[in-house]
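Okay, thanks everyone. I'd like to walk you through one structure today, starting with the cysteines and then moving on to a helix and some empty space.

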Amino acid sequence: MELHGYVAEGYGKVADAFAANFAERDELGAGFALHVGGELVVDLHAGAADRDGTAWSDRTLQLVFSTTKGVAAICVGMLRDRGLVDLDEAVSTYWPEFAAHGKGQLTVGQLMSHQAGIPAYDADLSFDEVMAVAPVTEALADQVPLWVPGTAHGYHALTYGWLVGELVRRVDGRRINAFLQDEVCGPLGAEFWMGLPEEHDHRVARLQPAPLPSDPAELQRMIERAGPGTLGGRALFLDGMFAPGAEHNFNERAVRATEMPGANGITNARSLSRIYAATVTEVDGVRLLTDDTVDAMRAERVRGPDACLLDETRFGSGFWLDNSTAPMLGPGAFGHPGAGGSLGYADPETGVGYGYLMNQMGNGIAGDPRTLALNDAVRACLG
């Protein structure tokens with residue numbers, strides 16, 4: 001496998017791990033980038049953007065599923081730095097309609113750590129209504145929580161994004177993708193969309209579905225977690241709308257074009273790494289978050305069995321924190337994995353910004369073997 005891109009002196013082990021993902025871990029096409037202290041030290045891509053063999057280039061983009069959530073959290077963090085959002089303030093202070101059915105006391109921090117009790121909704125919305133966004137946010141505001149808000153946590157796989165996106169709109173006046181372009185991507189020269197312009201659609205690598213687990217016990221666990229009728233299935237697949245084999249999927253233009261801040265972010269590894277790097281250090285003079293906000297948002301809010309995913313999860317405010325289901329560089333790292341294997345994070349202790357994405361989806365809930373290998377290589381290079 002021929003690798004393309006750049007590797008700084010001392011980071012050869014990262015290139016070796018990236019190459020080994022193709023040789024040993026069924027990689028099809030992928031990109032990986034690493035910033036250290038604000039400097040780009042690795043920027044690699046290789047493989048194919050589709051099953052027809054189209055080469056993955058330095059202009060290839062990839063949909064990264066829930067890795068989107070961390071970038072949405074960065075937007076909220078920037079509003080906190082500006083004094084416009086308080087993590088301990090009630091969501092209903094900014095979004096009055098959200099107070100319906102006992103949700104009035106839920107704080108922003110609780111909302112962002114999957115404690116709202118609305119990982120799914122009961123409204124009967126069509127695909128077109130979901131793509132329009134406003135019907136979903138209205139349904140969520142009017143939804144009766146599935147548990148008492150703040151008493152448990154369960155992964156709001158898709159609803160998280162619409163909830164946070166509406167919070168940003170209520171506070172700032174701009175939709176979250178507009179805020180992202182104006183305040184993050186523009187200053188950093190990064191590419192990341194939560195609603196991809198049509199002129200870039202041809203650049204997006206096609207997602208390849210994950211194979212079913214060959215281990216019967218692992219397959220049974222998957223069914224228990226996300227099978228029909230489970231809370232996990234409702235949350236992950238929006239009551240079947242995006243279930244495997246359904247009419248709609250994340251390769252289609254309509255899903256790439258809508259604003260789905262929990263799942264449809266489209267970017268490249270260099271931009272993902274650059275955005276995270278700028279949360280913990282300056283990148284070409286741009287710093288996105290203060291140290292105080294980084295510490296506030298990476299502070300652990302929940303840890304334990306997840307009501308939707310069943311396994312243990314650990315969340316700060318919008319960020320997935322380092323644990324066995326999504327290992328990062330160290331215990332202080334914060335970021336977010338995405339379905340199938342993508343991962344973006346920052347590690348304040350080492351000044352690292354990390355971005356990995358791919359088109360061949362894996363099927364595990366625990367740390368993807370490709371990112372585990374890259375994490376180990378980065379750790380070895382940093383010493």
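Before anything else, a quick definition: I'm calling two cysteines a disulfide when their sulfur atoms lie within 2.5 Å of each other. And please keep in mind that this is a predicted model.

So, how many disulfides do we get by that rule? The count comes to zero. Take C75: the nearest cysteine sulfur belongs to C185, and that is 8.3 Å away. Looking from the other side, C185 has C75 as its nearest cysteine sulfur, again at 8.3 Å, and C185 is in no disulfide either. Are these two buried or exposed? C75 is buried, with a relative accessible area of 0%. C185 counts as buried too, because its relative accessibility is 4% and the cut-off for buried is under 20%.

Next, helix α13, which runs over residues 291-298. Its buried residues are T293, V294, M297 and R298. If you look down the helix axis, those residues fall within an arc of 120 degrees, so they line one face of α13. Turned away from that buried side you find D291 and D292, both exposed. What sits over the buried residues? The cover includes helices α2, α4 and α12, plus strands β9 and β10.

Helix α12 comes up again when we get to the cavity. There is one cavity of 30 Å³ or more in the structure, and its volume is about 100 Å³. Which elements give two or more residues to its lining? Those are β3, residues 39-47, and α12, residues 269-280. Strand β3 gives the most, with three residues. Among the lining residues are H45, W56, N268 and R270. By type, the lining divides into four nonpolar, five polar and three charged residues.

Last stop is a pocket, the second largest, with a volume of about 210 Å³. It's lined by 16 residues, and the closest to the centre are A134, T137, E166, R169 and R170. Helices α6 and α7 are the elements that give two or more residues here. The largest share comes from α7, with six residues. As for chemistry, that lining has seven charged residues, six nonpolar and three polar.

That's my tour. Happy to pull any of these spots up on the screen.

Definitions and conventions
Residues are numbered from 1 along each chain as its sequence is written. This is a predicted model: local features need pLDDT of at least 70, side-chain atom pairs count only at pLDDT 80 or more; totals for chains, interfaces and linings use all residues. Side-chain values use heavy atoms; hydrogens and water are left out. On a 1 Å grid over the protein atoms alone, a cavity is a set of points where a 1.4 Å probe fits but cannot get out, and a pocket is an open set with protein on both sides within 12 Å along at least five of seven lines; lining residues have an atom within 4 Å of a point. Grid points are joined across faces, edges and corners, and a volume is the space filled by probe spheres set on the points. Helices (H or I, at least four residues) and strands (E, at least two) are DSSP runs, numbered from the N terminus. Ala, Val, Leu, Ile, Met, Phe, Trp, Tyr, Cys and Pro count as nonpolar, Asp, Glu, Lys and Arg as charged, and the others, Gly among them, as polar. Buried means under 20% relative accessible area, exposed over 50%, partly exposed in between (1.4 Å probe, protein chains only). The arc is that of the directions from the helix axis to the C-beta atoms. Contact means heavy atoms within 4.5 Å.
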